[in-house]
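Good morning. I will take one structure and go through a few of its parts in order. Please have a look at it first.

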Amino acid sequence: MDSFPNLTPPYGVLPMIPVRQEGCEVNMKLTKASSYALQAVTYLTQQKNPSDPVASRKIAEVRQIPERFLLKVLKPLVEKGLLTSVKGPGGGYKLAKPAEHISMADIIEAIDDDGLQGFNAGKETGSAAVNHRLEAICRASAEAVRAHLESIRMTDLVPKPRKK
């Protein structure tokens, strides 16, 4: 966890992911939807009995997320097979697979269609040769970010108990 200095309890979700380069720090910003999704899935990861569904209103209350927005965020997570929705009394949401099998990249890609697709260097203007090089640089950067986020599991975002 030392590589994530901005990881702060009680939620354990990064609003920005620091990327270190020689002499500077660059931050990747998460969308509000991705941040809410990570908050919700981290909360589900922390449940003592992962087979028990948790009501969306409970997740919204604990994580201080507007419930209407949370419901919009949970839907693609169910559609992508990351969460299971249980209907009826006592229903709610639960992880569809163990948290150690769900990566941060999985969540972001489920929520943000273009979340980890890279950057558009702008092929419409300027030099085609420069644009080609910019596209290659942007593609390599996006691939590095995606690989890093793929290595972060939901269990990594759960705050560890503090030693007394």
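Before the first helix, one definition: a residue is called buried when its relative accessible area is under 20%, taken with a 1.4 Å probe. Keep in mind that this is a predicted model.

With that cut-off, look at helix α1. Of its 14 residues, 13 are buried, so the helix is mostly covered. The length of α1, residues 32-45, can also be checked. At 1.5 Å a residue, its 14 residues should span 20 Å, and the end C-alpha atoms are 20 Å apart, so the two agree.

Next, a single residue, Ser-103. Where does Ser-103 sit? The residue lies in the loop between β4 (92-95) and α4 (104-111). Is Ser-103 buried or exposed? Its relative accessible area is 0%, and because the cut-off is 20%, Ser-103 counts as buried.

What does the side chain of Ser-103 reach? One partner is the backbone nitrogen of Ala-105, at 3.3 Å. There is also a polar contact with the side chain of Glu-150, at 3.3 Å. Setting aside neighbours within four places in sequence, Ser-103 is in contact with Leu-149, Glu-150, Ile-152, Arg-153 and Met-154.

That brings us to a pair of helices. Two packed helices are described by the angle and the distance between their axes. For α4 and α5 (residues 128-151), the axes come within 6 Å and cross at roughly 120°. On the α4 side, Met-104, Ala-105, Asp-106, Ile-108 and Glu-109 take part, and they meet Arg-146, Leu-149 and Glu-150 in α5. The residues of this contact divide into four nonpolar, four charged and no polar.

Terms used. Residues are numbered from 1 along each chain as its sequence is written. This is a predicted model: local features need pLDDT of at least 70, side-chain atom pairs count only at pLDDT 80 or more; totals for chains, interfaces and linings use all residues. Side-chain values use heavy atoms; hydrogens and water are left out. Helices (H or I, at least four residues) and strands (E, at least two) are DSSP runs, numbered from the N terminus. Buried means under 20% relative accessible area, exposed over 50%, partly exposed in between (1.4 Å probe, protein chains only). A polar contact is a pair of N or O atoms within 3.5 Å; within protein, one must be able to donate a hydrogen and the other to accept it, and residues adjacent in sequence count only if both atoms are side-chain atoms. Contact means heavy atoms within 4.5 Å. Axes are lines fitted to C-alpha atoms, for helices over the stretch in contact, and angles run from 0 to 180 degrees between N-to-C directions. Ala, Val, Leu, Ile, Met, Phe, Trp, Tyr, Cys and Pro count as nonpolar, Asp, Glu, Lys and Arg as charged, and the others, Gly among them, as polar. The expected span of a helix is 1.5 Å times one less than its number of residues.
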